Amino acid sequence: MADVIKLLPDSVANQIAAGEVVQRPASVVKELLENAVDAGATKIQLIVKDAGKTLIQVIDNGCGMSETDARMSFERHATSKIREAKDLFALNTMGFRGEALASIAAVAQVEMRSRRATDELGVRILVEDSTVKAQEACQAPQGTSISVKNLFYTVPARRAFLKADPVETRHIMDEFQRVAMANPDVFFSMHHNDSEIFHLPAGNLRQRVVKIFGEAVNKKLVPAEQETDILHISGFVGKPDYVKKTRGEQLFFVNKRFIRSNYLHHAVMSAYEDLLPSDTYPLYVLFLDIDPASVDINVHPTKQEIKFDDERLVYNFLKVAVRHALGSHNVTPTLDFEQEPAFQQRLTPTPQMRQDRDSGSIGSYRPSRPEPGEDAARHASNLEHWEKLYKGLELFGASAGDPSRTMGDQDSKDNPPFITRPGVEVLEMDDDAETFSKGQREPYQIHSQYIVSHLKSGFLLIDQQAASERVLYERYLQALENQPIATQKALFPKTVELSGADAALLRDILEEVNCLGFEIAEFGGNTFAIHGSPAELQEGISEEMLLEKVLAQYKGNLELQLGTRDNLARSMARNAALRRGQTLNPQEMQDLVDRLFACSVPYNSPSGRKCFIQFDLEDLQKQFS
Ligand code: ADP
Ligand code: MG
């Protein structure tokens, strides 16, 4: 019997391979845009007709190609981006397989014009069905323009398989947005059927995000940044009050390459914890930069998944980065003073406040509103707003001293609404919630867990443990910075013997531990002598126990790579904080509340738990009606 195996003609082989790379017009868009980025272009234009079915053209001002390279570029596995296998592990281009142009040319009519800066004339090449139909010198601007016409004309079955124009256009826009997002320093534009859909001037990432997702997100972006030895995380996350019911504004890039990852998505979501309403998605645009040697992108030409050497570590870093971002930018939704019109009303100075301001007395209202949209200024002013809320309260509180300063009294008596708590006294309030009896102004505790603290406009329910953890954390950070905590000297030093590993650890961080109010000295071997402990320590917790717990916590945090100080402050705060179930007297409660709102980030505990929830009288009244 005759031999039956034959090599396929190139054009057929290319067509088969093309199925991998070119699934729809959007795939062509992605490949061409990425080539333009790889070519170092600063200006990239995309022109699309009929959802890419008739024309996809990308014009760039990048490095261009020589005549030979231009022709070579259509050969399968022809690439300028890697030379040998090891280059794969140091990849800094989007492309590397040298398959895209060959694949596209197998299923469409492709016209390329290209000129390098150093060449006087450019080159024009026409390829159809994997065959060069024309090649000639031509006038051309520097850079490359590639037009892809009549996609899949060689494979009608595939063409018939394409979705309706709006769907394919959506896919194209998605790819366009991803490449544009990853390269904010490059100008991008997109035209579809003669109308300009995107016009994205070169700028920074924030500008790019806003241009792509819309002006409304500008005030909702919180920068995220985390640097570790193996990974750099940067980008933006949306405030928790800006969420959508559907996905679409969540983007991860690893080394500028867009990827999908449910695993990493989960890390971000878990950082938001219960800040989000259920079934909603926050916005995020996050860039993970990692040594190319520790990721594997070489799985599939259109692969959007990625494999990390150590996924869990990446997960943790990401979570920490997002938490830090949310925590350090004061983004609990109801508390964004500059955003919430309701708050601005509440903060309108009352006559009494104006009077106070003029006389410069304690309850004075100091209007110092930053320009709208100034993020940093807003950040700085949130704290001041807190003061105002409380200062307003002081006007009617014991600290204001003079009961005659109570305002709104007259009006309120005319028609006081009542709020009753079962078994408790009737609480009288006026419409503006500006008067209430003295007994109600002091914070009180419920279930030995929560503290109720009054605001002019309602009240806060404070989680004593989380709040205490936050307060101590910031205090400890300060202590480690430059204000050591006072030590309570022990009458008789205690000795503790640690395991070898713990002893080594403690030796490493002994200086820092002693800044936190301990006075610990090495005692030989793995034994340490405790000569003193932090003066402010809760009762009922022994210094040895505290030390052991702190060391254990510190070790547990190591993989988060927080740095010695941050880790130690967290570990210590976690273990020295008030517990649930601890009864507090009014003075202790007031101290805690005051100290919490003196914190730079009163919203969350360092481990991410909410410190308080705000209840608004207006909202409560609505719920009752
Ligand atoms: P890859 O990008 O994987 O190298 P492609 O098939 O996409 O493979 O491109 C093949 C080669 O053609 C590239 O390596 C590059 O040298 C050249 N090339 C493609 N597009 C451009 C462009 N817009 N500007 C300059 N060179 C380009
Ligand atoms: Mg390419």
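Good morning. Angles of 65 to 115 degrees between helix axes count as roughly perpendicular. I shall apply that cut-off to a pair of helices in this structure, which is a predicted model.

The pair is helix α15, residues 500–515, and helix α16, residues 543–557. Their axes cross at roughly 100 degrees and come within 11 Å. The two helices are therefore roughly perpendicular to each other. On the α15 side, the contact is made by D502, L505, L506, I509 and V513. On the α16 side, these residues meet L547, L551, Y554 and K555. Sorted by class, this contact comprises 7 nonpolar and 2 charged residues, with no polar ones.

I turn now to a second helix pair. Helix α14 covers residues 464–481, and helix α18 covers residues 586–597. Here the packing angle is about 55 degrees, and the axes lie 9 Å apart. How are α14 and α18 oriented to each other? They are oblique, because angles that fall outside the roughly parallel, antiparallel and perpendicular ranges are classed that way. Their crossing is left-handed. From α14, the residues in contact are Q464, A467, S468, R470, V471 and R475. Their partners in α18 are L592, R595 and L596. By class, the contact of α14 with α18 has 4 nonpolar, 2 polar and 3 charged residues.

Finally, I come to the cavities. The count is 2 cavities of 30 Å³ or more. What is the volume of the second largest cavity? It is about 40 Å³. The residues lining the second largest cavity are L472, Y476, I485, L516, P534, E536 and L537. In terms of class, that lining has 6 nonpolar residues, 1 charged residue and no polar residues.

Thank you for your attention.

Methods: Residues are numbered from 1 along each chain as its sequence is written. Chains are lettered from A and ligands numbered from 1 in the order in which they are written. This is a predicted model: local features need pLDDT of at least 70, side-chain atom pairs count only at pLDDT 80 or more; totals for chains, interfaces and linings use all residues. Side-chain values use heavy atoms; hydrogens and water are left out. Axes are lines fitted to C-alpha atoms, for helices over the stretch in contact, and angles run from 0 to 180 degrees between N-to-C directions. Helices (H or I, at least four residues) and strands (E, at least two) are DSSP runs, numbered from the N terminus. Angles under 35 degrees count as roughly parallel, over 145 as roughly antiparallel, 65 to 115 as roughly perpendicular and the rest as oblique. A crossing is left-handed if the near helix is turned anticlockwise from the far one by less than a right angle, and right-handed if clockwise. Contact means heavy atoms within 4.5 Å. Ala, Val, Leu, Ile, Met, Phe, Trp, Tyr, Cys and Pro count as nonpolar, Asp, Glu, Lys and Arg as charged, and the others, Gly among them, as polar. On a 1 Å grid over the protein atoms alone, a cavity is a set of points where a 1.4 Å probe fits but cannot get out, and a pocket is an open set with protein on both sides within 12 Å along at least five of seven lines; lining residues have an atom within 4 Å of a point. Grid points are joined across faces, edges and corners, and a volume is the space filled by probe spheres set on the points.
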